[in-house]
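Hi everyone, thanks for making time for this. I'd like to walk you through one model today, starting at the ligand and working outwards.

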Amino acid sequence: MTTPVDRAVADQIRRRGPLPFDEVVERALYDPVDGFFGGGSGAGRRADFLTSPEVGPLFSAVIARALDGWWTELGRPDPFTVVEVAAGTGALAQGVLAAAPDCLGALTYVLVERSEALRDRQRERLPIGDAALAYPPSAAEDVDSPSAEGGLGPRVVSLGEMPTLPVTGVVLANELLDNLVFRVLERAEQGWSEVRVGLTGDELPLVELLVPADDADARLADRLAPDAVVGARVPLQRAAADWLGRALALIERGRVVVLDYGATTADLAHRPPEEWIRTYRAHGRGGSPLEDLGRQDITCEVALDQLALVRPPAAHRSQAEFLAAHGIDELVAEGRRTWAERAHLGDLAAIRARSRIGEAEALTDPTGLGAFHVLEWPVP
Ligand SMILES: C[S@@+](CC[C@H](N)C(=O)[O-])C[C@H]1O[C@@H](n2cnc3c(N)ncnc32)[C@H](O)[C@@H]1O
């Protein structure tokens, strides 16, 4: 069965010829009505795939501890602004606020989510205030404002795009970059071809077509994967690099933190593209990325070296290492103690405490979420 996005893409191809991959992914994921995220699908136990914040509250509790550490390093500024990009339905934000970090009184939490349908869902779980709250006066300027510990936070704001006025704090993005649009290049006998999307004759189904890559794309691919053999493919992720540039420009003092799955472009060139361009729906793998546009997630492993071209990260470790550094083991030990004390009651506190053990296993699993990459760019 064809989807509205299949038909819209087919229409565009009839008018303009074969489309670049990024244009097709843009419509499939972000068409405001019929796109996968635009229509409100995404992460969640009852949705299409499970991300770290959706595993349970433990991930957010560790992030809350990390935020406290970074806030302290910055000299406990008020306001301390956390800009969470790709906030989805607000699970991470809700968990961070529930964990009540020390920085709460100084905290301005800005959820940035492109999908209006998902932003609407955030309002069901979070006390979202007026967007103007994203820029409160600083405690130093506002003589009536109490100290950070007893400050006026948390202020919670939700936006459709990243703000542009510089802030002191953290830009955080969990599984954003793998969902930003990308082009695909294929190594040819002479130079590189670009993989475009065309029609079969003048009709659906969509098919891949190779055209000569433009000079800028070919030069970039040569630089990133000089040893690629004929037939090897690579993603070019300019949208991810642009996003990182904007995130770095947003932070006056603080850091940008990205959590995602990824590899280098040269590694991806050695692997079949079906492995690194994946589709998901209803907690399973979907079909070809050119099928059922808008009804399945399309994701691409993040080419980490392409981010490093913008600025090399100061820290790069696995999610398991990052969570350990920010105290996941202490939180699990605390959970075990509470469980031992309250198991006989079987109340919510006991059950939550016990679930931390299973959550920690999932979040640090070296064959799953634990192997995700965590990249950090401190500013300045
Ligand atoms: C894989 S989901 C991750 C959601 C959430 N971070 C989590 O871990 O559960 C990716 C999300 O990024 C959002 N997104 C994509 N591009 C965006 C952008 N430029 N700004 C804000 N959100 C964006 C999508 O709409 C989608 O909700």
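Before the ligand, one definition: when I say polar contact, I mean a pair of N or O atoms within 3.5 Å. And please keep in mind throughout that this is a predicted model.

With that cut-off in hand, let's look at Asn174. One of the polar side-chain atoms of Asn174 sits 2.8 Å from an oxygen atom of the ligand. Thr51 also reaches a ligand oxygen through its side chain, with a polar atom at 2.6 Å. Ala86 does things through the backbone: a polar backbone atom of Ala86 is 2.6 Å from a nitrogen atom of the ligand. How much of the ligand does the protein bury? On its own, the ligand would expose 600 Å², and the protein buries 93% of that.

Now let's widen the view to the shell. There are 17 residues around the ligand, and the closest are Thr51, Ala86, Glu113, Asn174 and Asn179. So we have met three of those names already, and you may like to click on Glu113 and Asn179 as well. What is the make-up of the shell by class? The split is 11 nonpolar, 3 polar and 3 charged residues.

Next, pockets. The second largest pocket holds about 760 Å³ of space. Its lining counts 28 residues, and those nearest the centre are Pro53, Gly56, Pro57, Gln94 and Arg125. Which helices supply at least two residues each to that lining? They are helix H3 (52-55), helix H4 (58-73), helix H5 (91-98), helix H6 (116-125), helix H13 (328-342) and helix H14 (348-364). By class, the lining of this pocket divides into 12 nonpolar, 8 polar and 8 charged residues.

On to the strands. Strand S7, residues 192-200, and strand S8, residues 203-212, run antiparallel and are joined by 8 bridges. If you want one pair to find on screen, take Val197, whose bridge partner in S8 is Glu208. The hairpin of S7 and S8 has 2 residues between the strands, and in that hairpin Gly201 takes a positive phi near 65°.

Stay with S8 for a moment, please. Pro205 has its place in this strand, and the peptide bond from Leu204 to Pro205 is cis, with omega near 5°. Where else can we look at a cis bond? Between Asp78 and Pro79, where omega is near 10°. Pro79 lies in the loop between H4 and strand S2 (80-85), and H4 is one of the helices I listed for the pocket lining.

One more backbone detail. Ala100 is not a glycine, yet its phi is positive, at about 50°. You'll find Ala100 in the loop between H5 and strand S3 (107-112).

Last stop: an open sheet of 3 strands. What is the strand order? It goes S13-S12-S14, and the pairing is antiparallel. Strand S13 (284-285) and strand S14 (297-300) are the edge strands, each pairing on one side only. Strand S12, residues 277-281, is joined to S14 by 4 bridges. Within that pairing, Thr279 of the sheet has Ile298 in S14 as its bridge partner.

That's my tour, and I'm happy to go back to any view you'd like.

Methods:
Residues are numbered from 1 along each chain as its sequence is written. This is a predicted model: local features need pLDDT of at least 70, side-chain atom pairs count only at pLDDT 80 or more; totals for chains, interfaces and linings use all residues. Side-chain values use heavy atoms; hydrogens and water are left out. Two strands pair if DSSP finds at least two bridges between them. A residue is near a molecule or strand if one of its heavy atoms lies within 4 Å of it. A polar contact is a pair of N or O atoms within 3.5 Å; within protein, one must be able to donate a hydrogen and the other to accept it, and residues adjacent in sequence count only if both atoms are side-chain atoms. Accessible areas come from the Shrake-Rupley method with a 1.4 Å probe; for residues, only the protein chains shown count as cover. Ala, Val, Leu, Ile, Met, Phe, Trp, Tyr, Cys and Pro count as nonpolar, Asp, Glu, Lys and Arg as charged, and the others, Gly among them, as polar. On a 1 Å grid over the protein atoms alone, a cavity is a set of points where a 1.4 Å probe fits but cannot get out, and a pocket is an open set with protein on both sides within 12 Å along at least five of seven lines; lining residues have an atom within 4 Å of a point. Grid points are joined across faces, edges and corners, and a volume is the space filled by probe spheres set on the points.
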